[in-house]
Amino acid sequence: MVTETHIKNVMQAYADAVSGDNVEDILALFAEDAVVEDPVDSEPHRGREALRVFYQGAIDAVDKMTLEGGVRARGNKGAAAMLAYPKGAGGSMVIETLDVMAFNDEGKITSMTAYWGDSNIRAL
């Protein structure tokens, strides 16, 4: 059984890894057959290789990602508001997301859905 503390730690590790430069750090958080939908209602990325391509693009585009407030967790699910600061924007722009994740019994992310839309991309 996954704990609330584990979920909180993984969600922080996720923000830190997206802020980094090594896609393997992100992939280590996910189950082999994980699914990512970012943004919600977009074509899902399924499995390790699809996630590798998607998250390499995220690393290339995002300068820094931070948690905005606390992680909410219950059972095997967690959610957190996050802020993504795009590279090349000089800190003048942010993308606000709400990331919802489900975890398997081994504590790996099995699904991640990012809720955000055009109105969540804003100048600072």
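Here are five short exercises on the structure above, each with a worked solution.

A few ground rules first. This is a predicted model, where local features need pLDDT of at least 70, side-chain atom pairs count only at pLDDT 80 or more, and totals for chains, interfaces and linings use all residues. Residues are numbered from 1 along each chain as its sequence is written, and side-chain values use heavy atoms, with hydrogens and water left out.

**Exercise 1. The fold**

Task: Work out how many helices and strands the protein chain has, and in what order they run.

Solution:
- Step 1. Count the elements: the protein chain holds three helices and eight strands. Both are DSSP runs numbered from the N terminus, helices being H or I with at least four residues and strands E with at least two.
- Step 2. Put them in order: starting at the N terminus, they read α-α-β-β-α-β-β-β-β-β-β.
- Step 3. Test the packing: the radius of gyration is 14 Å, close to the 14 Å that the globule rule gives for 124 residues, so the protein chain is as compact as a globular protein of that length. This radius is taken over C-alpha atoms, and the rule is 2.2 Å times the number of residues to the power 0.38.
- Step 4. Add the dimensions: the C-alpha trace spans about 40 × 30 × 25 Å along its principal axes.

**Exercise 2. Surface and contacts**

Task: Find what share of the residues is buried and what share of the contacts links residues 24 or more positions apart.

Solution:
- Step 1. Of the 124 residues in the protein chain, 40% are buried. Buried means under 20% relative accessible area, exposed over 50%, and partly exposed in between, with a 1.4 Å probe and protein chains only.
- Step 2. Among contacts (heavy atoms within 4.5 Å), those with a separation of 6 or more form the base, and 51% of these join residues 24 or more positions apart.
- Step 3. The protein chain exposes about 6,500 Å², and carbon and sulfur atoms supply 51% of that area. Such areas come from the Shrake-Rupley method with a 1.4 Å probe; for residues, only the protein chains shown count as cover.

**Exercise 3. The largest pocket**

Task: Describe the volume and the lining of the largest pocket.

Solution:
- Step 1. The volume is about 270 Å³. On a 1 Å grid over the protein atoms alone, a pocket is an open set of points where a 1.4 Å probe fits, with protein on both sides within 12 Å along at least five of seven lines; lining residues have an atom within 4 Å of a point. Points are joined across faces, edges and corners, and the volume is the space filled by probe spheres set on them.
- Step 2. The lining has 18 residues, with D38, F54, A58, V62 and M65 nearest the centre.
- Step 3. Helix α3 gives the largest share of the lining, five residues. Elements that each supply at least two include α1 (4-19), α3 (48-61) and β3 (62-67).
- Step 4. By class, 14 are nonpolar, two polar and two charged. Here Ala, Val, Leu, Ile, Met, Phe, Trp, Tyr, Cys and Pro count as nonpolar, Asp, Glu, Lys and Arg as charged, and the others, Gly among them, as polar.

**Exercise 4. The β1-β2 loop**

Task: Locate the backbone features at P39 and D41.

Solution:
- Step 1. P39 sits in the loop between β1 (30-37) and β2 (45-46), and a cis peptide bond with omega about 5° joins D38 and P39.
- Step 2. D41 belongs to the loop between β1 and β2, has a positive phi near 70°, and at 73% relative accessibility counts as exposed.
- Step 3. For context, most residues other than glycine have a negative phi, and most peptide bonds are trans.
- Step 4. D38 is in contact with F54, M112, A114 and W116, leaving aside neighbours within four places in sequence. The C-alpha atoms of D38 and A114 are 4.9 Å apart, though 76 residues separate them along the chain.

**Exercise 5. Helix residues**

Task: Is A58 buried or exposed?

Solution:
- Step 1. A58 is placed in helix α3.
- Step 2. Its relative accessibility is 15%, so A58 counts as buried.
- Step 3. The C-alpha atoms of A58 and V18 lie 6.9 Å apart, with their positions 40 residues apart along the chain.
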